[in-house]
Amino acid sequence: MEEMILTVDTQLACKPSDYRSDVKPVWCPGCGDYHVLMAFTRAFAQLAVPAEQIAVISGIGCSSRIPAYTNCYGFHGVHGRSLALASGLKVTRPDLTVVVASGDGDGYSIGGNHFLHACRRNIDMTYVVMDNRVYGMTKGQPSPTTEPDFDTAISPGGTGLSPFHPLVNALASGANFIARCFAGEPNETAAILVEAIRHPGFSFVEILSPCVTYRPDQKAWKDLVHPAPVGATNDPAKAARRIMTDDGFNIGILYRGERRPYQPKFGRQSLDPSELEQEFEI
Amino acid sequence: MTEAEHLSIAIVGSGGAGALTSGNLLLEAATAAGWYGLLTRTVGPQIRGGEAAALIRLANRPVECLADQFDLLIGVDWLNADRFGAEIEVGPHSLVISDPRSGELPAFVKNSGIRVVEIPLKEITKSIPEGRPNMIALGIAAKLVGLNEEVFTALIEKRFAEKGRVASQASRAALQAGFAAAADIQFDKRLAPPVAGKKRWLVSGNEATGLGAIRGGVRFAAAYPITPASEILEWLAPRLAKVGGVLLQAEDELASINMIIGASFGGTPALTATSGPGLSLMIEALGLATAAEIPIVVVDVMRGGPSTGIPTKSEQADLNIAVYGFHGDAPHLVLAPQSIGDCLFTAQWAAYLAEALQAPAIVLSDQFLGQTVAAIERPADVAFIGERIRHAGADAPYQRYALAANGISPMAIPGMRGAQYTAEGLTHSERGTPTSGAAAHRVQLDKRRDKLEQFTFGDHWATIEGKGEIAVITWGSLTGAVREAIELAGRDGIAVRLVAPRLLLPVQNVRFAAALDGVKRILVVEQSHSGQFYRYLRAHYDLPGEVRVLHRPGPFPIRPSEIHKAIAEWRK
């Protein structure tokens with residue numbers, strides 16, 4: 001299936017609108033995810049990969065609605081399992097560009113175990129988590145990245161728990177590319193997505209994507225974000241120190257690893273299936 | 001001296017004593033000599049050092065279950081052998097071989113008052129450098145059932161090749177010593193000569209399941225290790241790689257099932273194998289596969305439950321979860337193999353049906369079928385190869401869930417230009433766009449039901465044998481025991497019909513009614529504590545006449561004599 005990548009499209013200029021479907025998003029007006037969708041389509045156009053060669057895989061939540069809004073192949077699966085589903089797809093279809101879309105609840109809470117193992121497995125795909133530090137679709141419960149004092153109906157007075165640190169966990173688990181983006185900067189985000197998709201192995205892109213409905217305080221993010229003061233490193237120790245000590249609003253590519261992606265040989269037959277029964281013959 | 005149609009031998013020993021090695025060699029040798037048979041191993045919960053027993057039945061024609069009693073019980077040693085008391089039933093005509101220096105006889109032997117012949121296995125071993133008592137035990141067993149020494153030569157060479165010439169020579173010498181020691185033992189049964197048959201296979205149900213899956217077109221598997229299903233994965237991993245596929249070990253069962261859904265979405269027929277606890281974890285995603293119409297196969301090798309239960313032993317108690325476990329109204333396929341050889345057919349058929357119907361198929365095997373090794377006739381080839389109806393790439397806008405007369409919508413595969421769609425677990429329109437509208441919900445529910453109900457499954461849906469006004473209805477691994485019981489009843493002059501559905505979902509009302517035409521009494525036989533199969537039958541089918549149920553939980557399989565007794569008593 002390798003040759004399918006090189007269709008005529010790659011010769012032509014691709015427009016972001018080629019990658020956008022006519023399905024109207026369910027998101028609230030002002031949701032950061034609109035900008036992420038914009039970044040997706042711009043990145044795909046820059047990469048000039050035909051839409052039918054891209055698969056956008058997601059779980060459940062506001063952010064996970066994104067596949068149907070693209071004009072790519074998509075899978076809107078169950079809550080928290082998008083990485084597993086995408087892994088099965090990519091291993092058997094290495095010709096496809098696989099992008100996984102998730103949120104902080106879907107990706108870090110119910111899907112937390114798959115996050116660790118996807119990083120460790122290092123299959124060549126890109127994992128985009130739209131982090132708004134709240135469960136939006138179920139109306140405002142705290143997520144693993146919610147601040148400890150954020151008052152909600154289910155946790156009056158706040159959870160009192162320290163937030164999960166996705167980037168350092170990704171690094172510790174073996175992710176091969178780590179970046180942080182801000183949804184309000186779709187061009188910068190698109191440029192980072194292009195790099196993430198091109199980078200071999202498992203690329204993790206955390207996008208700060210404000211929830212205007214349940215976290216109106218996140219409107220302030222646009223004033224807090226700033227470019228990372230230094231460029232990406234390939235040294236995990238350096239990356240760990242930077243990620244652990246930054247203010248959480250450093251935007252840019254933070255780590256570029258050099259691990260070989262995991263891609264078992266698929267589709268190469270050395271034995272006819274009819275010969276398998278010989279081992280049982282007496 | 002009588003010629004027996006079948007003989008049962010149990011070889012027991014503590015961990016490392018080699019009882020299982022002896023048992024395997026005995027079955028292999030008997031198979032090579034033309035007999036049939038099977039071997040179930042039973043072990044304690046320990047990984048190493050626990051007691052183990054090889055339960056073997058040899059026969060002159062194919063057999064599908066253990067017999068009621070063991071004719072011959074050999075203790076390589078008796079350490080903890082009491083644990084097997086409930087599994088190894090001995091009768092007044094049984095013979096026990098015991099080494100007087102290998103510990104006290106277990107209570108179940110002592111209390112039975114049966115004949116015990118003492119052979120000093122350890123003492124004899126001393127005269128053979130590197131010799132081991134289990135090979136002497138093997139020699140004794142082989143001689144008593146009527147095998148000759150020559151048939152072992154090649155087998156021992158093969159098995160001990162890695163360990164070198166000394167080990168191989170020692171094994172042969174010990175085997176010879178066993179044959180010699182058995183010469184004076186009075187044992188008045190010999191296996192009757194085998195009936196001529198087709199080419200033989202020596203295969204376990206788990207291996208047969210793996211082969212069936214590959215034959216059915218499966219090229220991707222993802223799974224999490226679990227007893228007693230792991231052998232399917234271990235068999236598949238290297239072989240899938242050879243036939244152009246791959247197996248991924250997932251981080252958990254939630255990942256396994258979603259991985260195979262992903263692979264199948266990409267166009268590759270896919271399977272996972274698990275046991276009850278794993279199936280419970282997979283249920284949510286099975287709902288997704290139903291709604292998104294993704295073909296997948298899930299093999300559940302059932303064990304004692306609930307919870308961790310008895311991982312190493314058999315039960316038929318996952319029927320409820322397989323049939324009713326899904327959330328929502330979720331039509332799907334449930335199939336159950338009926339013998340070790342049938343694991344091949346059923347897995348292959350499941351792969352075919354899943355692909356043809358774009359639906360999840362659950363295959364309910366069990367520990368007995370999965371881990372028992374049997375000498376069987378080579379299963380017949382069947383032409384079931386899974387292949388879904390693919391979208392042809394017409395000009396009109398592609399609608400993934402388009403309504404079709406047979407309910408099966410052509411499926412586009414990523415890479416196919418102009419047919420991009422999003423596979424959807426939300427209630428969706430024909431195009432796949434999410435909706436919460438009542439009409440679309442109803443239409444898609446109808447579609448997914450109709451595609452299964454309108455499909456013609458053919459005669460493979462059940463095994464129906466015999467005539468008579470009494471019918472035994474059973475399923476899965478008990479089919480073999482029921483068949484034997486019916487044969488015993490036949491010798492008493494009682495005609496009994498066997499009805500065993502291989503296809504449990506979708507239900508086949510018309511065919512089932514036809515199968516029971518003229519039946520006045522029904523005996524339902526199953527291995528579950530609550531009578532799950534009986535309740536399933538009551539829920540879906542009309543059971544004419546008087547109905548009785550023979551059911552009990554695992555771990556010990558219901559044996560032919562129990563079923564025969566239930567039939568005979570009812571006749572009175």
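Student: Where is Pro555(B) found?

Tutor: In this predicted model, Pro555(B) is found in the loop of chain B that runs between β23 (546-551) and α18 (560-571). The peptide bond that joins Gly554(B) to Pro555(B) is cis, with an omega of about 5°.

Student: And what kind of peptide bond joins Leu505(B) and Pro506(B)?

Tutor: A cis peptide bond joins Leu505(B) and Pro506(B), and its omega is about -5°. As for its place, Pro506(B) sits in the loop of chain B between β21 (503-505) and α16 (509-515).

Student: Let me step back to chain B as a whole: how many helices and strands does it have?

Tutor: Chain B has 18 helices and 23 strands. Along its principal axes, the C-alpha trace of chain B spans about 85 × 60 × 40 Å.

Student: What radius of gyration does chain B have, and what would a compact globule have?

Tutor: The radius of gyration of chain B is 26 Å, and this agrees with the value near 25 Å that a compact globule of 572 residues would have. Buried residues make up 58% of the 572 residues in this chain. If you take the contacts in chain B between residues at least 6 apart in sequence, 75% of them join residues at least 24 apart.

Student: Changing topic, how many residues of chain A are in contact with chain B?

Tutor: On the chain A side there are 45 residues, and they are in contact with 48 residues of chain B. The elements of chain A that give two or more residues to this side are α2 (66-69), β2 (73-76), α3 (82-92) and α5 (112-121).

Student: Which of those gives the largest share?

Tutor: The largest share comes from α3(A), which gives eight residues to the side of chain A that touches chain B. Sorted by class, that side of chain A has 24 nonpolar, 14 polar and seven charged residues.

Student: You listed β2(A) too, so what does it pair with in chain B?

Tutor: Strand β2(A) pairs with strand β17 (residues 422-424) of chain B, in the parallel sense and over three bridges. To see this pairing at one position, look at Phe75(A), which stands opposite Ala423(B) in β17(B).

Student: Back to the helices: how do α3(A) and α5(A) cross?

Tutor: Their axes come within 9 Å and cross at roughly 30°. Because an angle under 35 degrees counts as roughly parallel, α3(A) is described as roughly parallel to α5(A).

Student: Which residues make that contact?

Tutor: From α3(A) the contact is made by Leu83(A), Ala84(A) and Ser87(A), and from α5(A) by His114(A), Phe115(A), Ala118(A) and Arg121(A). By class, this contact has four nonpolar, two polar and one charged residues.

Student: One more topic, the backbone: which residue in the loop between α1 (33-47) and β1 (54-58) of chain A has a positive phi?

Tutor: That is Ala48(A), which has a positive phi of about 60° although it is not a glycine. Ala48(A) counts as partly exposed because it has 13 C-beta neighbours inside 10 Å, whereas a residue would be exposed with 12 or fewer.

Student: And where is Asn80(B)?

Tutor: Asn80(B) is in the loop between β5 (70-75) and β6 (90-98) of chain B, and it has a positive phi of about 60° although it is not a glycine. With 18 other C-beta atoms within 10 Å, Asn80(B) is partly exposed, since a residue needs 20 or more to be buried.

Methods: Residues are numbered from 1 along each chain as its sequence is written. Chains are lettered from A and ligands numbered from 1 in the order in which they are written. This is a predicted model: local features need pLDDT of at least 70, side-chain atom pairs count only at pLDDT 80 or more; totals for chains, interfaces and linings use all residues. Two residues are in contact if their C-beta atoms, placed from the backbone, lie within 7 Å. Helices (H or I, at least four residues) and strands (E, at least two) are DSSP runs, numbered from the N terminus. Ala, Val, Leu, Ile, Met, Phe, Trp, Tyr, Cys and Pro count as nonpolar, Asp, Glu, Lys and Arg as charged, and the others, Gly among them, as polar. Two strands pair if DSSP finds at least two bridges between them. The radius of gyration is taken over C-alpha atoms; the globule rule is 2.2 Å times the number of residues to the power 0.38. Axes are lines fitted to C-alpha atoms, for helices over the stretch in contact, and angles run from 0 to 180 degrees between N-to-C directions. Angles under 35 degrees count as roughly parallel, over 145 as roughly antiparallel, 65 to 115 as roughly perpendicular and the rest as oblique.
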